[in-house]
Amino acid sequence: MQVKLRLLCGLLLAIPMTLWAGDVLRLATTTSTYETGLLDHILPEFERAHDCKVHVISVGSGKAMQIARNGDVDVILVHARKAEDAFVNEGYGVNRRDVMVNDFVILGPVNDPAGVGGLRDAKEALRRIHSKQRPFVSRGDDSGTHKKEKQLWTKTGLKRDGDWYLEAGQGMSATLRMADEKNGYVLVDRATYLTHREKLRLTLMVEGDADLFNPYGIIAVSPYTFAHVKYRRAMALIAWITSPECQARIRDYTLKGRPLYHPSAAGGGD
Amino acid sequence: MDYIWQGVRDSLRIITGLDREFLSAVLVSLKVAFLSTALATLAGVPFGMWIAEKRSRGARVIMTILNTLMSLPTVVVGLMVYSFLSRRGPLGELGLLYTPAAMVIGQFILAFPIVAGLSASAVVGLDKRIRATAFSLGADTAQSFRMFLREARYGIMAAIMAGFGRVFAEVGVSMMLGGNIRGYTRNITTAIALETSKGEFAFGIALGLVLLTVALVVNILFSLFREWSR
């Protein structure tokens, strides 16, 4: 019995050791960049070169910035330009750089009960969905996509109350699936749409509006506000992601021949 | 129906192929749940036995509190521990948020009331004469403790099992405190949540099957222990 007990204790002590992670950089990012597989495409090379793991915490842009405001991550990759500027101006972030762009699109059920198919004007599409009271599934999580959607609604001046307006409170993929199940309309970034296209019954309704532009930025959490953040590592990651090599990798990350993101850091990509 | 069968078939391939991400999630689940249950056992069993021995009003209040905490929602524990472990919180210096250690803390808080409360019930349920006999034979505190432990071992084992079941199956604490980081804090339940949201049912089903299998194995070990200690 004594021997068994000692063995058990030894085993339990061994567990915490295997939990040690080594050198780590924490990146909070939007659900879309992670779920489309882009980060898996560009991060391993950085991890090898710098002998450090990047721990990706995949949440909405709003939550990513909130986590960074608490000092719980070292760097963020987000898409919510106005909120990013506020984040930097308030002293939480430094050295924001453009990374890449794509665009948002509006999807809807094939029979298109609100009659928005083929529109270019996103606001007009929202007006029609509103007047026909058709299901619209919103992220509802203060993510970059949700912020964009709220901006669009504000521009239309319409109130979003009623059974037709559903707030999912979940990531992009989950919201997309919910819209699919409910035969609703949904605002989604093109990369996530293309990644899930074959599993969806929804089809592309609205694209091409200048209002639907979707830029991504990377920001280091300020070492002046939080002395403990791994600022040098964060800057190394920013340098890698905006480098011509990585920008080319972003450009070449395609799904069935379609690019998901267009690199936009100065000096890299197109 | 078709896609469910497809999912089950794919899931078997994932399990037999020992997919790396899959194995990692299983290992994280096992490590964190075992560790938190072990800690809850070390703290909860003696506490439960001690509280069972006290027949005072304060003890009854504590028992009621323990019983209430058994149904503590995981997300509430997650939120509480999160606010303590965040860099903005009182324990922020430790930098524990989004690590397996944070998950262990959260799961410990989930398991402790169950282990303590059910252990107390197991001891209270013992024949009163055992206690009288122990004292009449001149047993000291340590000796009577060991005796109660032996007499109530089935109930206490059940308490530990229930605690393990709770933390092994929970998702709220793991998601909020671990952050679902692949290969590090992603466990079976958070992986299922993620894969389902992506519409990847096969991976989720594979993990679900493992979750059930592990629960089965643990229960078999438990009944073997019962046989062995009889």
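Two strands pair if DSSP finds at least two bridges between them. Keep that in mind for this tour of a predicted model.

**Stop 1: strand β7**

Select residues 185–189 of chain A, which form strand β7. Are its residues buried or exposed? Five of the five are buried, and the strand is mostly covered.

Now show the side chains. In a regular strand the side chains alternate between the two faces of the sheet. Here Y185(A), L187(A) and D189(A) point one way from β7(A), while V186(A) and V188(A) point the other way.

**Stop 2: the neighbours of β7**

Add residues 93–108 of chain A, strand β4. This strand runs antiparallel to β7(A), and four bridges join the two. To see one partnership up close, pick L107(A) and look across to V186(A), its bridge partner in β7(A).

Next, add residues 136–138 of chain A, strand β5. In which sense do β5(A) and β7(A) pair, parallel or antiparallel? They pair in the parallel sense, over two bridges. Select F136(A) here, and you will find Y185(A) of β7(A) standing opposite. You have already met Y185(A) as one of the buried residues of the strand.

**Stop 3: two domains**

Zoom out and colour chain A by its domain assignment: domain 1 covers 18–102 + 215–263, and domain 2 covers 103–212. How far apart do the C-alpha centres of the two domains lie? The distance is 26 Å.

**Stop 4: where the domains meet**

Turn to the interface between them. On the side of domain 1 of chain A, 18 residues are in contact with 20 residues of domain 2 of chain A. The size of an interface is often given as the accessible area lost when the parts come together. For these two domains of chain A, about 1,400 Å² is buried between them, with 55% of it on carbon and sulfur atoms. Select E35(A), H79(A) and N102(A): within domain 1 of chain A, these lose the most area to domain 2 of chain A, together 30% of what that side buries.

**Stop 5: polar links across the interface**

The count between domain 1 and domain 2 of chain A is one salt bridge. Select K256(A) and E198(A) to see side chains that meet in a salt bridge, at 2.8 Å from N to O. Five residue pairs are in polar contact across the interface of the two domains.

Finally, highlight α2 (31–35), α4 (61–69) and β11 (258–259) of chain A, the elements that give two or more residues to the side of domain 1 that touches domain 2. The largest share, three residues, comes from α2(A).

Conventions. Residues numbered from 1 in each chain as written. Chains lettered and ligands numbered in written order. Predicted model: local features only at pLDDT ≥ 70, side-chain atom pairs only at ≥ 80, totals over all residues. Heavy atoms only, no water. Buried < 20%, exposed > 50% of the residue type's maximum accessible area, 1.4 Å probe, protein only. Domains from an automatic or database assignment. Contact = heavy atoms within 4.5 Å. Buried area = accessible area lost by both parts, 1.4 Å probe. Salt bridge = Lys/Arg side-chain N within 4 Å of Asp/Glu carboxyl O. Polar contact = N/O pair within 3.5 Å; in protein donor to acceptor, adjacent residues only side chain to side chain.
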